[in-house]
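Good morning, and thank you for making time for this presentation. I would ask you to keep the sequence and the structure in view while I speak.

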Amino acid sequence: MVELCGVHLRGPVLNGSGTYDAIAARRVFGDELLERFPFDCFVSKTITLAPRQGNPPPRLWETPAGLINSIGLPNKGLAGFLAEDLPMLAELPVPLCVSVMGFDHGELRELVSTVGARDEVSLIELNFSCPNVETGLIMGADPAETARAVEALRPLTEKPLIVKLTPNATEPAAVARAAEAAGADAVSLINTLKGMALHPQTRDPWLGGTTGGVSGPAVRAIALEQVHSVSKAVQLPVIGMGGIASGRDAADFLAAGATCIAVGTESFRDPTAGARVAAELEALSRKEREFSPGGVR
Ligand SMILES: Cc1cc2nc3c(=O)[nH]c(=O)nc-3n(C[C@H](O)[C@H](O)[C@H](O)COP(=O)(O)O)c2cc1C
């Protein structure tokens, strides 16, 4: 058992937001999915206040060790999510974390107060990897912007607020400290790193959105360093992710200071990756307890 912000989880393995469609998986695997759900807590795809179409295709580019996505947050919007998706996500056998993104404080307030009022929801993740249209700054890239947003949201719900940090910041640890001082309950990292690919013949941008987010094993070393430095900077629980594909990767992130870890891109290659990582981690921990290795804090 793991406790994350007062929520009891059967283990430490979450999914990265947007990398596992539990509703589609239920359609394919039926109730068997509920019996063998691969994660200990389910994090929804990020929702926004208004519905979004997402970016034009192509939306993916495979790199030698991961991928670049330019999905552009397609989603049904808050009302569509509550009416259509939430009832199905509430049937999952694990606590639910809903990821939200707002383009100004008004949108964020409406998202957090509405989602926070729902009994089906255990945790809220704030995806701050977007510009605040009022200031033009990426909310999660700037400590003061992050603090202002968390301070505005903190009084609106008693549900734990997890701030998802962007790696595209000068000093993620400074952003984490600002989030902690403003009342966040946990931080999660990393989100994708900004990247780009060109069409092999025309040399035009390959992705419909021109640039995208790099994820997968290619970002693991960067993620591990950021999890380490953020864990040293704050007392909050840290949810570590970025290229985790095995129990050993997960063990590294836990040793670097994470309380929980999330599996993202690996689930596209292997939809049962969450369960496999959990089983490998458990076997490894059992073996390593004999040698009692230390962490790297
Ligand atoms: C296709 C795709 C869609 C994603 N969508 C979201 C999203 O909606 N919200 C979010 O906070 N992160 C999103 N992410 C980022 C992941 O949750 C995760 O932070 C990142 O990919 C690093 O982990 P990984 O290397 O294990 O994938 C997305 C990543 C991918 C690959």
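Is Leu73 buried or exposed? Leu73 counts as buried, because its relative accessibility is 16%. I should state at once that this is a predicted model, and that every value I quote is computed from it.

Let me stay with Leu73 for a moment, since its backbone deserves attention. This residue sits in the loop that runs between strand S6 (66-69) and helix H3 (77-89). Its phi is positive, about 55 degrees, although Leu73 is not a glycine. As a general matter, most residues other than glycine have a negative phi, and most peptide bonds are trans. A second case is Thr210, with a positive phi of about 70 degrees, and it is not a glycine either. Thr210 belongs to the loop between S11 and strand S12 (212-215). With a relative accessible area of 37%, Thr210 is partly exposed.

I turn next to the peptide bonds. Pro57 and Pro58 are joined by a cis peptide bond, with omega at about -5 degrees. Pro58 is placed in the loop between S4 and strand S5 (60-63). Another cis peptide bond links Leu189 to Ile190, and here omega is about 10 degrees. Ile190 lies in the loop connecting strand S10 (186-189) with strand S11 (193-195).

Both partners of that second cis bond also meet a helix residue, Gln226. Gln226 is part of helix H7, which covers residues 220-233. Setting aside neighbours within four places in sequence, Gln226 is in contact with Pro167, Pro172, Leu189 and Ile190. Gln226 and Pro172 are 54 residues apart along the chain, yet their C-alpha atoms are separated by 7.0 Å. Gln226 is buried, because its relative accessible area of 9% falls under 20%.

Ile190 brings us to the ligand. Which residues come nearest to the ligand, out of the 23 around it? They are Thr46, Ile190, Gly216, Gly243 and Thr265. By residue class, the shell divides into six nonpolar, 15 polar and two charged residues.

Several glycines offer polar backbone atoms to ligand oxygens. For Gly243, the distance from a polar backbone atom to an oxygen atom of the ligand is 2.7 Å. For Gly216, the corresponding distance is 2.8 Å. For Gly264, a polar backbone atom stands 3.2 Å from a ligand oxygen. On its own, the ligand has 600 Å² of accessible area, and the protein covers 96% of it.

Thr265, one of the residues that come nearest to the ligand, occupies the loop between strand S14 (260-263) and helix H9 (266-269). Beyond residues up to four places away in sequence, Thr265 touches Thr19, Leu67, Ser215 and Gly216. Gly216 therefore appears twice in this account: it touches Thr265, and it is also among the residues that come nearest to the ligand. Thr265 counts as buried, because its relative accessibility is 16%.My last topic is the cysteines. How many disulfides does a search of the whole structure find? The search finds zero. Why does Cys41 not form a bond with the closest cysteine sulfur? That sulfur belongs to Cys97 and is 5.6 Å away, which is too far for a bond, because a disulfide requires sulfur atoms within 2.5 Å. For Cys260, the closest cysteine sulfur is that of Cys41, at 7.8 Å, so this pair is also too far for a bond.

Cys41 is buried, with a relative accessible area of 0%, and Cys260 is buried, with a relative accessible area of 0%. Cys41 is located in the loop between helix H2 (32-35) and strand S4 (42-43). Apart from neighbours within four places in sequence, its contacts are Leu9, Val13, Leu14, Asn15, Val94, Pro95, Cys97 and Leu123. Cys41 and Thr211, by comparison, are 170 residues apart in sequence and 30 Å apart in space, C-alpha to C-alpha.

Definitions and conventions:
Residues numbered from 1 in each chain as written. Predicted model: local features only at pLDDT ≥ 70, side-chain atom pairs only at ≥ 80, totals over all residues. Heavy atoms only, no water. Helix = DSSP H or I, 4+ residues; strand = E, 2+ residues; numbered from the N terminus. Buried < 20%, exposed > 50% of the residue type's maximum accessible area, 1.4 Å probe, protein only. Contact = heavy atoms within 4.5 Å. Near = heavy atom within 4 Å. Polar contact = N/O pair within 3.5 Å; in protein donor to acceptor, adjacent residues only side chain to side chain. Areas by Shrake-Rupley, 256 points an atom, 1.4 Å probe, with all protein chains shown as cover. Nonpolar A, V, L, I, M, F, W, Y, C, P; charged D, E, K, R; others polar.
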